[in-house]
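Trainee: I should like a close look at one part of this model, a pair of helices, followed by an account of its surroundings.

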Amino acid sequence: MAVAKIVWVDDEIESLQSQKLFLENKGYEVTTFTNGFDAIEFAANNIIDVVLLDESMPGISGLETLAKIKEINQHIPVVLITKNETESLMDEAIGSQITDYLLKPVNPNQVLLSLKKIIDKKSLIAEKTTTAYQQQFRELFMALSDNPDYNGWMDIYKKLVYWELEMEKSDSPEMREILKSQKDEANKEFFKFVSKNYIKWMNPKSDEAPIMSHNLFQFKVLPHVEKGTSTFFILIDNLRFDQWKTIQPLFAENFRILEEETFYSILPTATQYSRNAIFAGLLPVDIEKQFPTQWKNDEEEGGKNLFEEDFFKGQLKRLKKDDIKCSYTKIVNHHDGQNLVNNIHNLLSNDLNIIVYNFVDMLSHARTEMEVLKELASDETSYRSVTKSWFEHSALNQALKKIADKKIKLIVATDHGTVRVNTPYKVVGDKQTTANLRYKHGRNLNYDHKDVLFFKDPREAGLPVPTVNSSFIFAKEDGYLCYPNNYNHFVNYYKNTFQHGGISLEEMIVPIIKMVSK
């Protein structure tokens with residue numbers, strides 16, 4: 001494919017050298033001019049694919065330059081770059097057949113998006129997706145720099161997921177790369193946001209905290225439970241928001257979706273912490289106090305999620321809701337799934353049925369260890385695809401279809417999400433240090449402070465103190481924590497695997513969906 005030739009005209013072109021370099025690194029040939037006269041002369045003697053044109057220049061203005069270039073070749077696409085968004089200017093520019101316009105200050109990815117849209121019109125859908133994302137790129141860019149609160153972050157993440165799914169319609173690796181860089185930037189800012197606010201959220205008196213794992217039932221589930229109508233609360237473990245969006249159409253066949261919301265998983269974004277917190281209605285530090293024999297820390301022997309039903313009964317009692325008739329079912333294998341299909345009608349006499357379905361978590365762990373699954377779920381797109389295929393043929397889907405014609409309420413949620421890791425960080429610890437890749441706790445942890453969120457006193461983060469002087473650290477963005485011994489082996493083994501426990505939009509902002517039968 002021939003190299004696209006770009007002409008960029010701006011009287012302050014010297015300040016745009018880094019942007020020129022960025023476009024050249026993306027494979028474009030960029031010729032720059034500081035005035036319209038030189039650009040017009042160049043256009044008369046050379047083939048040009050796109051002109052990037054500053055609207056406000058001394059000597060000859062952008063619009064005058066545009067008119068002269070169009071006289072030479074009416075079909076050259078021109079992108080007007082302006083500080084001025086007045087209606088009269090836009091009318092004149094559009095009348096002069098500009099192809100696109102960008103508002104200053106421009107971000108290099110914005111320029112790249114515009115060029116992609118103009119040069120690579122592969123298909124109508126791809127073009128439409130590109131145009132729509134381009135329009136929202138700036139909004140997302142502004143939202144990120146606008147110091148968003150926890151609601152703002154939920155909005156930003158939902159929009160990023162929306163575009164990620166839309167991009168699957170556009171066969172453009174470059175477009176996906178732009179979106180990925182925007183998502184990476186979002187995760188970088190999100191880590192700073194969580195680091196700054198997490199301790200405040202853990203304060204029970206704080207009224208500036210999102211709904212999190214430990215108060216999910218109190219505020220988002222129990223208010224919907226009523227006598228005479230069976231409510232099913234289904235927790236699909238480790239289900240990211242993008243995976244929910246992939247299986248949503250399958251739910252929509254039989255159920256009417258009333259509310260699609262998100263909440264925040266507590267840290268660590270790991271099953272034994274976030275899921276126990278959901279069912280206990282307590283932070284882990286308080287679960288340990290109230291259930292000292294049932295709570296187990298990472299390094300202790302035995303299952304870490306064996307007492308969810310006990311914890312939940314404790315929550316109902318504390319909230320004075322223990323008159324609710326409820327059941328608790330956990331599905332961990334195919335046999336359990338078949339039992340659910342066969343017995344689901346028997347659950348309809350309960351006010352509340354809790355079903356915990358372990359599959360996505362097993363998929364992410366198996367993917368780390370099995371080459372065939374790494375191939376099947378090599379990236380986010382294929383990971384979503386495998387999730388959809390699983391749900392479509394799952395016992396859970398079969399069971400729900402059997403009761404879809406009954407008057408029921410359905411709430412689907414998860415405990416935490418997962419993130420694909422690519423950046424190794426070195427951590428030194430003693431024998432008591434935990435093996436998790438996205439968080440660790442131990443007594444003598446040694447690490448680079450800029451790579452992690454650190455709690456010297458775990459209680460500040462609502463966490464138990466496993467051993468005297470234990471501290472917790474949480475990996476940021478797409479990082480994973482490796483020991484120096486056998487370092488290269490572990491770096492290569494875990495690179496590009498889906499992990500959880502740390503701080504990322506994908507792990508912390510997770511779905512809770514309310515539905516009713518149609």
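In which relation do the helices α14 and α18 stand to each other?

Mentor: The helices α14 and α18 are roughly parallel to each other, a term for angles under 35 degrees, whereas over 145 counts as roughly antiparallel, 65 to 115 as roughly perpendicular and the rest as oblique. This is a predicted model, in which local features need pLDDT of at least 70 and side-chain atom pairs count only at pLDDT 80 or more, while totals for chains, interfaces and linings use all residues. Residues are numbered from 1 along each chain as its sequence is written, and side-chain values use heavy atoms, with hydrogens and water left out.

The axes of α14 and α18 cross at roughly 5 degrees and come within 8 Å. Such axes are lines fitted to C-alpha atoms, for helices over the stretch in contact, and angles run from 0 to 180 degrees between N-to-C directions. Helices (H or I, at least four residues) and strands (E, at least two) are DSSP runs, numbered from the N terminus. On the α14 side, the meeting residues are G337, Q338, L340, V341 and N342; on the α18 side they are A395, L396, Q398, A399 and K402. Contact here means heavy atoms within 4.5 Å. By class, the residues of this contact divide into 5 nonpolar, 4 polar and 1 charged. Ala, Val, Leu, Ile, Met, Phe, Trp, Tyr, Cys and Pro count as nonpolar, Asp, Glu, Lys and Arg as charged, and the others, Gly among them, as polar.

Both helices pack on one sheet, which is best described next. This open sheet has 6 strands in the order β7-β18-β10-β6-β9-β8, with mixed pairing. Its edge strands, each paired on one side only, are β7 (255–264) and β8 (326–331). From one strand to the next, the twist averages 15 degrees. Two strands pair if DSSP finds at least two bridges between them. Strand β18 (residues 509–517) runs antiparallel to β7, and 9 bridges join the two; F255 has S517 in β18 as its bridge partner. Helix α14 (residues 334–343) packs on this sheet by touching β8 and β9 (352–357), and its direction makes about 145 degrees with that of β8. Helix α18 (residues 395–403) touches β6 (230–236), β7, β9 and β10 (408–413), and its direction makes about 165 degrees with that of β6.

Two loops that adjoin the edge strands deserve mention. K320, in the loop between α13 (308–318) and β8, has a positive phi of about 55 degrees although it is not a glycine. P268 lies in the loop between β7 and α11 (271–280), and the peptide bond that reaches P268 from L267 is cis, with omega near -10 degrees.

For comparison, consider another sheet and another helix pair. In this open sheet, 5 strands follow the order β2-β1-β3-β4-β5 with parallel pairing. The edge strands are β2 (29–33) and β5, each pairing on one side only, and the twist averages 20 degrees from one strand to the next. Strands β1 (residues 5–9) and β3 (residues 50–54) run parallel and are joined by 4 bridges, with W8 opposite L52 in β3. Helix α2 (residues 36–45) lies across β1 and β2, at about 135 degrees to β2. Helix α3 (residues 62–72) touches β3 and β4 (78–82), and its direction makes about 155 degrees with that of β3.

P105 lies in the loop between β5 (100–103) and α5, and a cis peptide bond with omega of about -5 degrees joins K104 and P105. Helix α5 (residues 108–119) packs with helix α1 (residues 17–25) at an angle of about 45 degrees, with their axes 10 Å apart. The helices α1 and α5 are therefore oblique to each other. Here Q19, F22 and L23 in α1 meet P108, N109, V111, L112 and L115 in α5. The residues of this contact divide into 6 nonpolar, 2 polar and no charged.
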